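Dear colleague,

Please find the structure below, together with its sequence. My findings follow it, and I would be grateful if you would read them with the model open.

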Amino acid sequence: MAVRPISITGDPVLHHRASEVLDIDDELRTLVADMFETMDAAPGVGLAGPQVGVGLRLFVWSWIDDDGGDQRGVAINPTLWQSPLTIEPLDDEGESEGCLSIPGERFPLRRADSVLLRATDLDGQPFEIEAVGWLARIFQHEYDHLDGVLYADRLEHPFHKAAAKAVKRASWGVPGKTWLPGVDHLDD
Ligand code: ZN
């Protein structure tokens, strides 16, 4: 297992639709193990294939539930059903979201309150999870990555502009930029 470099916004792999996973083989199992290790090292609560430079439709997540249990897993070739968005004003604190591909930044974004995730696990078995709250947010964020969408793409005024400024200030937004958890400390 190895921690892999995380692609930063601007790299084409993050901005294109990822391809279906066709084979669950040793290479894919190694990829998933590396993705868990990379997510934990970052640390983060989710990581999608394109974020480690692999344009395949899969993501891992790690979420500590209210009882302190670590609900982690991998979703291969997922589909996601989302409840409609509510229209109350954004809660800048409670709805603030970040992304390991735009490291160190957070901006508020409205997400669906509940989702239904359907996917395949590493044994090729289908599963489904109904999620609400933060786990639902994680699933929506990671699923977006598989369609080449970053949360910054969804931000509303004035946060969209603020995110674009932050990306420019960091000299991101160009191909080939990565950071390595445990080596680079971009949050400092
Ligand atoms: Zn992300």
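Arg118 stands opposite Glu128 in β8; please note that the model is a predicted one. On β7, Arg118 is also the bridge partner of Thr79. The strands concerned are β4 (residues 70–82) and β7 (residues 114–120), which run antiparallel and are joined by 5 bridges. Between β7 and β8 (residues 126–132) there are 7 bridges, again in the antiparallel sense. These two strands, β7 and β8, form a hairpin with 5 residues between them. Gly124, in the turn, has a positive phi of about 80°.

The second matter is the zinc ion. Its protein donors are Cys99 through SG, and His141 and His145 through NE2, at 2.0 to 2.3 Å from the ion. Their spacing in sequence is C-x41-H-x3-H. Cys99 belongs to the loop between β5 (96–98) and β6 (106–108), whereas His145 is in helix α2 (residues 133–146), so this pair ties together parts that are 46 residues apart in sequence. Both Cys99 and His145 are buried.

Finally, the largest pocket holds about 410 Å³ of space. It is lined by 24 residues, of which Val45, Gly98, Cys99, Leu100 and Arg106 are the closest to its centre. Cys99 is thus named here as well as among the donors of the zinc ion. Helix α2 gives the largest share of the lining, 6 residues, and β5 supplies at least two. By class, the lining comprises 11 nonpolar, 7 polar and 6 charged residues.

With kind regards

How values were computed. Residues numbered from 1 in each chain as written. Predicted model: local features only at pLDDT ≥ 70, side-chain atom pairs only at ≥ 80, totals over all residues. Heavy atoms only, no water. Donors = N, O, S within 2.8 Å, 3.2 Å for Na, K, Ca; no water. Helix = DSSP H or I, 4+ residues; strand = E, 2+ residues; numbered from the N terminus. Buried < 20%, exposed > 50% of the residue type's maximum accessible area, 1.4 Å probe, protein only. Pairing = 2+ DSSP bridges. 1 Å grid on protein atoms, 1.4 Å probe; cavity = no way out; pocket = protein on both sides within 12 Å on 5 of 7 lines; lining within 4 Å. Points joined across faces, edges and corners; volume = space filled by probe spheres on them. Nonpolar A, V, L, I, M, F, W, Y, C, P; charged D, E, K, R; others polar.
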